[in-house]
Amino acid sequence: AGALAALLKTYRRFCETVDIGFVCSHVVWTDGSPCVMNIPNPAADWSRFYTPEQPVVAVQSCTFVSVLIPSHVIRAIGLPAPEFFIWYDDNEYTERITRRFVGLCEPASRVVHALACNEGAVFERVQEDNLWKFRYGVRNEIAVRRRHGGFGDALIASLRLLREFRSVPRLQHRILLLHALWQGWRFRYVPPAADAGSLADLLEEAFGPLQQVQDVSLETEAG
C-alpha cells in the first residue's frame, strides 16, 4: 500500500504540468540492495525533476515490477506486444511510452523482488532449462533496437551480444542464441491498439467482472 501511495502521490504532483507516461518504483532485492534485473534506464535529462528533498528521476524505460501507467496513456500508445512473451517486453513497452510521454522513478516507492539471486541476464549461466528465456530476450532486444533506434543501434546491440555469447558454456546453445539474434533482425512486431473494449477485457481477466471490481473499490473507499 505504501509503495502504491508513493507512486500516486508523485503522479498527482506532476500530472497537471507534465505529460506523465508512467511512474515506477525503486525495486530492491531481499537484502535491500538494488535489484539488478529491475534498474530503470535513466533518461538523458534524468535530473530534470530532481531535488534533494524529492529525488524523482526521469527514466527512459523500466520493468513491469511495480509501475503505475495511467489508462489514457495505454489508450494512446496501445498494449504490450504479445509476441514478446517474456524478457524485454516491459522495456519495449515503457520505451514506447517515453517516446510520447515522460517516465519517472520514485525512490520513495520501494518494493522487494525476491529472486533466487540478484543478477541480470548472465549468459554464462545459460542451461537447457533457461535457454528459452535467453532466446526470447535476445530476439526481443534486437527487434526493439531496430524499431526504435534504427540499423546502427541494432548493430551495436548485436556486437555486444556476440561478445557475451562467448561465455555460454555449450556450443549448441551458442548456435541457438545466434539464430535468435538473426530472428531479431527479421522480427517485425505490431503493437496492438488499446480501445475501451480491450482494456475492459484485460481488467476482467485480471480482477473479475467490472461490476465486482467497482463494488470492491467502493467498499475500500468507504472503509
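**Exercise 1.** What should the 13 residues of helix α1 (residues 2-14) span at 1.5 Å a residue, and how far apart are its end C-alpha atoms?

*Solution.* This is a predicted model, where local features need pLDDT of at least 70, side-chain atom pairs count only at pLDDT 80 or more, and totals for chains, interfaces and linings use all residues. Residues are numbered from 1 along each chain as its sequence is written, and side-chain values use heavy atoms, with hydrogens and water left out.

Step one: helices here are DSSP runs of H or I, at least four residues, and strands are runs of E, at least two, numbered from the N terminus. Step two: the expected span is 1.5 Å times one less than the number of residues, so α1 should cover 18 Å. Step three: its end C-alpha atoms sit 19 Å apart, which agrees.

**Exercise 2.** Work out which side of α1 is buried and what covers it.

*Solution.* Start with the buried set (under 20% relative accessible area, 1.4 Å probe, protein chains only; exposed is over 50%): Ala3, Ala6, Leu7, Thr10, Tyr11 and Phe14. Their arc around the axis, taken from the directions to the C-beta atoms, is only 130 degrees, so they lie on the same side of α1. Over on the other side, Gly2, Lys9 and Arg12 are exposed. The cover for the buried residues includes β1 (20-28), β4 (67-68), α2 (71-77) and β5 (102-112), with contact meaning heavy atoms within 4.5 Å.

**Exercise 3.** Place α1 in the whole protein.

*Solution.* Count the elements: 7 helices and 5 strands. Then read the order from the N terminus: α-β-β-β-β-α-α-β-α-α-α-α. Finally, buried residues make up 39% of the 223 residues.
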